[in-house]
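Visitor: I have a model open on my screen and would like to learn how to read it. Could you walk me through it, one feature at a time?

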Amino acid sequence: MNTQAHREREVRAVLEAAQGALPPGIHTEAVRRGGRILRRRRVLRRLTWLALCLAMTAFFVWALLARPWVEPPSGTTPPLTGW
C-alpha cells in the first residue's frame with residue numbers, strides 16, 4: 001500500500017468528519033478580546049512615538065544649550081597681563 005495514499009485517506013476522513021459544536025458566545029468573547037488587544041497595541045504604539053519625540057526634543061534642547069560641537073577654551077596658556 002502506498003503510504004501517501006494512506007495518509008491522504010486519513011486526512012480526508014478527519015476533514016469530512018462532523019465538526020463539534022462551538023460553545024455559545026464564543027464569537028462575542030473573541031471579538032471582545034480582539035478589540036482589547038487592538039486598543040492596547042494602538043496605545044502602546046502612540047506611547048512609543050510620544051517617548052521618541054520627547055527624547056528627540058530633549059536631545060535637541062540639550063545640544064543647543066551645551067553646544068558640544070564647540071571646542072572648549074584652552075586652559076594651558078596663562079592669560080597675558082602686565083605688558
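Guide: Gladly! Let's begin with a residue you can click on: F60 sits in helix α2, which covers residues 26–66. Please keep in mind throughout that this is a predicted model.

Visitor: How do I judge the span of a helix, and what span should the 41 residues of α2 have?

Guide: Compare the distance between the end C-alpha atoms with what the residue count leads you to expect. At 1.5 Å a residue, α2 should span 60 Å, and its end C-alpha atoms are 59 Å apart, so the two values agree. You can repeat the exercise on helix α1, residues 3–16: its 14 residues reach 20 Å from the first C-alpha to the last, close to the 20 Å expected.

Visitor: How many of the 14 residues of α1 are buried?

Guide: Burial is read from relative accessible area, and under 20% counts as buried. For α1 the number of buried residues is zero, so this helix lies largely in the open.

Visitor: Which contacts should I look at around α1?

Guide: Try the start of the helix and then a pair of side chains. At the start of α1, a side-chain oxygen of N2 comes to within 3.2 Å of the backbone nitrogen of Q4. Next, find H6, which is placed in helix α1. The side chains of H6 and E10 are joined by a polar contact of 2.7 Å. With 35% relative accessibility, H6 counts as partly exposed.

Visitor: What about the loop between α1 and α2, where A21 is found? Is A21 buried or exposed?

Guide: Here the cut-off to remember is over 50% for exposed. A21 has a relative accessible area of 79%, so A21 is exposed. A21 is also a handy marker for distance along the model: A21 and L52 are 31 residues apart along the chain, and their C-alpha atoms are separated by 48 Å.

Visitor: Now for charges. How many salt bridges does the structure hold?

Guide: To read one, look for a side-chain nitrogen of Lys or Arg within 4 Å of a carboxyl oxygen of Asp or Glu. The structure holds two. In one of them, the side chains of E29 and R32 meet at 2.5 Å, N to O. In the other, R33 pairs with E29, and the closest N and O atoms are 3.1 Å apart. Through shared partners, these salt bridges join E29, R32 and R33 into one network.

Visitor: Why are E29 and R32 separated by about one helical turn?

Guide: Count along the helix. E29 and R32 are three residues apart in α2, which means about one helical turn between them. The spacing of R33 and E29 is four residues in α2, and that also gives a separation of about one helical turn.

Visitor: And how accessible are E29, R32 and R33?

Guide: E29 is partly exposed at 29% relative accessible area. R32 is partly exposed too, at 43%, and R33 is partly exposed at 46%.

Visitor: Let's turn to the aromatic rings. How many aromatic pairs are there?

Guide: For ring pairs, you look at the distance between the ring centres and the angle between the planes. The count here is two aromatic pairs. F59 and W62 form one that is tilted, with 5.9 Å centre to centre and 35 degrees between the planes. F59 and W62 both belong to helix α2 and are three residues apart, about one turn of the helix. Ring pairs link F59, F60 and W62 into a cluster.

Visitor: Which residues make the nonpolar surface patch of about 700 Å²?

Guide: The patch is made by W49, L52, M56, F59, F60 and W62. Two of these residues are ones you have just visited: F59 counts as partly exposed at 46% relative accessibility, and W62 is partly exposed with a relative accessible area of 46%.

Visitor: One last stop: which residue takes a positive phi just after α2?

Guide: That is R67, in the segment after α2. Backbone angles are worth checking where a helix ends. R67 has a positive phi of about 50 degrees although it is not a glycine. R67 is partly exposed, with a relative accessible area of 45%.

Conventions. Residues numbered from 1 in each chain as written. Predicted model: local features only at pLDDT ≥ 70, side-chain atom pairs only at ≥ 80, totals over all residues. Heavy atoms only, no water. Patch = residues over 30% accessible without salt bridge, like charges linked within 9 Å, V, L, I, M, F, W, Y side chains within 5 Å. Areas by Shrake-Rupley, 256 points an atom, 1.4 Å probe, with all protein chains shown as cover. Helix = DSSP H or I, 4+ residues; strand = E, 2+ residues; numbered from the N terminus. Expected span 1.5 Å × (residues − 1). Buried < 20%, exposed > 50% of the residue type's maximum accessible area, 1.4 Å probe, protein only. Polar contact = N/O pair within 3.5 Å; in protein donor to acceptor, adjacent residues only side chain to side chain. Phe/Tyr/Trp six-rings, centres within 6.5 Å; stacked < 30°, edge-to-face > 60°.
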